[in-house]
Amino acid sequence: MKKVKITVLSACCRCDLHRAGEEFIVGEICPPICAELWHRAYPYVFALQNGAELDCGDNKVRSFTVSCPDEGRVKLKGELI
């Protein structure tokens with residue numbers, strides 16, 4: 001299975017769960033990420049692991065950024081490795 005690296009770009013987490021600079025490698029098992037944040041990231045992770053290229057304006061990319069549903073307090077970047 002293809003792997004996706006998730007990097008925490010910024011964090012102001014209410015529950016103090018995440019820190020900027022943290023990295024997770026996603027293979028077959030979910031990383032230790034907050035459930036709400038994982039809910040936002042998972043569709044992109046799944047797509048990249050299965051060969052998709054994501055729309056980014058006029059370009060196709062193999063990366064994404066998502067923000068926490070709690071007012072964007074945590075921001076993640078994911079990229080195919």
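Me: Which residue follows α1, and what is the sign of its phi?

Reply: In this predicted model, α1 is followed by Gly51, and the phi of Gly51 is positive, near 90 degrees.

Me: How should I check the length of α1 itself?

Reply: The idea is to compare an expected span with the distance between the two ends of the helix. At 1.5 Å a residue, the 15 residues of α1 should span 21 Å, and the end C-alpha atoms are 20 Å apart, which agrees. The helix nevertheless carries a kink of about 40 degrees at Ala41, shortly before the proline Pro43.

Me: Which residues of α1 are buried, and what covers them?

Reply: The buried residues of α1 are Leu37, Trp38, Ala41, Val45, Ala47, Leu48 and Gln49, and what covers them includes β1, β2, β3, β5 and β6.

Me: How does that relate to the largest nonpolar core, and which of its members touch the most others?

Reply: In soluble globular proteins, nonpolar side chains tend to be buried together. Here the largest nonpolar core has 20 residues, of which Ile6, Phe64 and Leu76 touch the most other members. At least two residues of this core come from each of β1, β2, α1, β5 and β6, and the largest share, six residues, is supplied by α1. Phe64 is buried, with a relative accessible area of 6%, and, not counting residues up to four places away in sequence, Phe64 touches Val4, Ala41, Tyr44, Val45, Leu48, Leu54, Leu76, Lys77 and Gly78.

Me: How many aromatic pairs does the structure hold, and how do I read the geometry of the pair Trp38 and Tyr42?

Reply: The structure holds three aromatic pairs. For each pair one reads the separation of the ring centres together with the angle between the planes; the rings of Trp38 and Tyr42 have their centres 5.6 Å apart and their planes at 55 degrees, so this pair is tilted. Because Trp38 and Tyr42 are four residues apart in helix α1, about one helical turn separates them. Trp38 counts as buried at a relative accessible area of 13%, whereas Tyr42, at 37% relative accessibility, counts as partly exposed. The rings of Tyr44 and Phe64, by contrast, have their centres 5.2 Å apart and their planes at 20 degrees, so that pair is stacked. It links distant parts of the chain, with Tyr44 in helix α1 and Phe64 in strand β5, 20 residues apart.

Me: Which residues do ring pairs join to Trp38 in a cluster, and what else does Trp38 contact?

Reply: Ring pairs link Trp38, Tyr42 and Phe46 into a cluster. Leaving aside neighbours within four places in sequence, Trp38 is in contact with Ile6, Val26, Cys30, Pro31, Ile33 and Val45. Trp38 and Cys68 are 30 residues apart in sequence, yet their C-alpha atoms are 8.8 Å apart in space.

Me: How many disulfides does the structure hold, and why is Cys30 not bonded to Cys34?

Reply: A disulfide is a covalent bond between the sulfur atoms of two cysteines. This structure holds zero disulfides. The closest cysteine sulfur to that of Cys30 belongs to Cys34 and is 13 Å away, too far for a bond. Cys34 is likewise in no disulfide, and the nearest cysteine sulfur, that of Cys15, is 5.8 Å away. At 17% relative accessibility, Cys34 counts as buried.

Conventions: Residues are numbered from 1 along each chain as its sequence is written. This is a predicted model: local features need pLDDT of at least 70, side-chain atom pairs count only at pLDDT 80 or more; totals for chains, interfaces and linings use all residues. Side-chain values use heavy atoms; hydrogens and water are left out. A nonpolar core is a set of buried Ala, Val, Leu, Ile, Met, Phe, Trp, Tyr and Cys residues joined through side-chain atoms within 4.5 Å. Buried means under 20% relative accessible area, exposed over 50%, partly exposed in between (1.4 Å probe, protein chains only). Contact means heavy atoms within 4.5 Å. The expected span of a helix is 1.5 Å times one less than its number of residues. The bend at a residue is the angle between axes fitted to the seven residues ending there and the seven starting there. A disulfide is a pair of cysteine sulfur atoms within 2.5 Å. Rings of Phe, Tyr and Trp (its six-membered ring) pair if their centres lie within 6.5 Å; planes under 30 degrees apart count as stacked, over 60 as edge-to-face and the rest as tilted.
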